[in-house]
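Here is a briefing on a single chain. Look over the sequence and the model, then read on by topic.

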Amino acid sequence: MDKAFQNQTNVSLHSDFVDQNDESVESKIAKAVAFGIVFLVAVLGNFLVIVAVIQNQRIHTVINYLIVNMAIADLLYIIMVMPPMYIEIFNYYDWAMGTYARGVYFCKVVHFCHYLFVVVSVLTLAAIAVDRFCAIVLPLKRIVTKQVFYVIIPVIWLVASGMAAPVFYAQKIIENSKGFLSCEEDWSPAFETRKASRVYSAMLFAIAYCVPFLAITIMYTMICRKLWMRKIPGERDAKSRKGIVESRKKVVKMLIAVVIAFVVCWLPVQVTTFMWEYKEHSLSIPPFVYFTCKFLMRAHASVSPCMYAAFNENYRTGFKKALTCCRKSKRDNYTNSRIHLHRKESGSETGGRRGTVVYFASRKYNHPYLV
């Protein structure tokens with residue numbers, strides 16, 4: 001999705017991208033803090049979305065299952081692609097490409113996951129639009145049932161995997177004359193690199209961006225016309241009918257806001273990528289534009305959960321319940337551990353023998369592996 005930026009930074013992960021070296025320490029820290037906030041909000045928000053749906057039986061519907069699927073994709077996306085930003089900010093390219101194993105991870109796995117999870121998100125948004133269209137415009141025809149949902153989800157992940165698969169071939173680890181490793185997009189010998197790169201960018205833009213959002217726009221336009229211009233057939237009670245319409249309007253407003261957020265966060269990088277692809281790589285991306293596009297791409301994963309909380313009472317209730325359960329569980333665990341320790345010290349669990357039992361808690365300090 002962001003090939004202009006990937007190629008600009010990956011032409012040589014060792015030394016070619018030198019703008020970061022000239023940047024002030026304060027600027028690097030500010031960027032790191034901004035990305036850190038986005039990471040925390042995205043992880044917590046998407047986790048709460050998943051827990052809220054699981055805990056609330058009332059919202060065990062196809063649309064909420066699809067929202068969970070998108071939350072899982074966004075959660076995995078932010079976990080995979082956020083840490084490499086710190087490599088870029090603090091110029092850890094030497095470490096990232098220091099060994100072939102790390103090179104494979106950063107060059108192939110991270111790029112594959114980047115394309116995979118973004119395509120899953122956009123295809124899920126399209127599936128949500130289809131579900132709402134069938135429920136509101138075609139209420140008498142139950143098309144998107146749970147049985148259909150069990151087929152849709154694997155298809156979404158398989159299509160996304162197929163679209164991301166070429167990255168494994170194109171992203172190659174190159175060793176230069178000095179022994180330094182770099183990550184470069186190279187489609188040879190099967191294809192001519194420049195042409196293949198353009199074709200792949202056009203395919204992604206069409207299949208993973210233009211076509212889904214054209215379909216989404218058409219369906220939501222018809223949905224809005226249905227809700228705001230017509231009455232729902234088969235409802236005799238005016239008050240009940242009004243309640244159903246208002247409820248559906250709120251859901252549609254929430255989903256339209258989510259779609260708009262996706263467009264706003266991803267359109268800048270799409271436009272810049274095409275400008276870069278068809279300018280014979282002579283386009284120079286200003287650092288501010290570069291950072292803004294990178295930030296928006298990753299910030300999207302934290303936007304959707306906030307919108308669910310802002311527009312939907314069920315999600316707000318679910319978030320509160322999940323947080324309350326976490327606090328209660330932590331408090332109960334602490335209380336139980338204190339009671340258990342007290343019983344051990346008083347000998348109530350050792351047949352009356354008195355004595356103090358010493359516990360050694362081993363703490364694992366995991367190194368912050370940068371991705």
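Beyond its neighbours within four places in sequence, Y220 is in contact with I128, A129, R132, V252, L255, I256 and V259. The model is predicted. Y220 itself sits in helix α10, which spans residues 193-229.

**Y220 and the nonpolar cores**

- Y220 counts as buried because its relative accessibility is 6%, and the cut-off for burial is under 20%.
- The largest nonpolar core has 79 residues, and within this core Y220 and W266 touch the most other members.
- Helix α7, residues 100-136, supplies the largest share of this core, with 18 residues.
- Another core lies apart from it and has 11 residues, including V38, I78, M85 and A301.
- Y220 and K253 are 33 residues apart in sequence, yet their C-alpha atoms are 9.7 Å apart in space.
- As general background, nonpolar side chains in soluble globular proteins tend to be buried together.

**The salt bridge**

- How many salt bridges does a search of the whole structure find? The search finds one.
- D131 and R132 meet through their side chains in a salt bridge, at 2.9 Å from N to O.
- D131 counts as buried, since its relative accessibility is 5%.
- R132 counts as buried too, with a relative accessibility of 13%.
- R132 is also one of the residues that Y220 touches.
- In general, side chains of opposite charge can pair when their charged atoms come close.

**Aromatic pairs**

- The count of aromatic pairs comes to 21.
- Why is the pair of W187 and F191 edge-to-face? The ring centres of W187 and F191 are 6.3 Å apart and the planes stand at 75°, so the pair is edge-to-face. The angle cut-off for that class is over 60 degrees.
- W187 is buried, at 6% relative accessibility.
- F191 is partly exposed, with a relative accessible area of 49%. The exposed class begins only over 50%, so F191 stays in the class in between.
- A cluster built from ring pairs links Y77, F205, Y209, F213, F262 and W266.
- W266, a member of that cluster, is also one of the two residues that touch the most other members of the largest nonpolar core.

**A nonpolar patch on the surface**

- Which residues form a nonpolar patch on the surface? They are V25, I29, V33, I37 and V41.
- Together, these residues have about 430 Å² of accessible area.
- V41 lies in helix α3, residues 25-55.
- V41 is partly exposed, at 34% relative accessible area. Patch residues need over 30%, so V41 meets that cut-off.

**The chain as a whole**

- The chain has 13 helices and two strands.
- Of its 371 residues, 44% are buried.
- Among contacts in the chain with a separation of 6 or more, 78% join residues 24 or more positions apart.
- The chain exposes about 20100 Å², and carbon and sulfur atoms supply 65% of that area.

Methods:
Residues numbered from 1 in each chain as written. Predicted model: local features only at pLDDT ≥ 70, side-chain atom pairs only at ≥ 80, totals over all residues. Heavy atoms only, no water. Core = buried A, V, L, I, M, F, W, Y, C linked by side-chain atoms within 4.5 Å. Buried < 20%, exposed > 50% of the residue type's maximum accessible area, 1.4 Å probe, protein only. Helix = DSSP H or I, 4+ residues; strand = E, 2+ residues; numbered from the N terminus. Contact = heavy atoms within 4.5 Å. Patch = residues over 30% accessible without salt bridge, like charges linked within 9 Å, V, L, I, M, F, W, Y side chains within 5 Å. Areas by Shrake-Rupley, 256 points an atom, 1.4 Å probe, with all protein chains shown as cover. Salt bridge = Lys/Arg side-chain N within 4 Å of Asp/Glu carboxyl O. Phe/Tyr/Trp six-rings, centres within 6.5 Å; stacked < 30°, edge-to-face > 60°.
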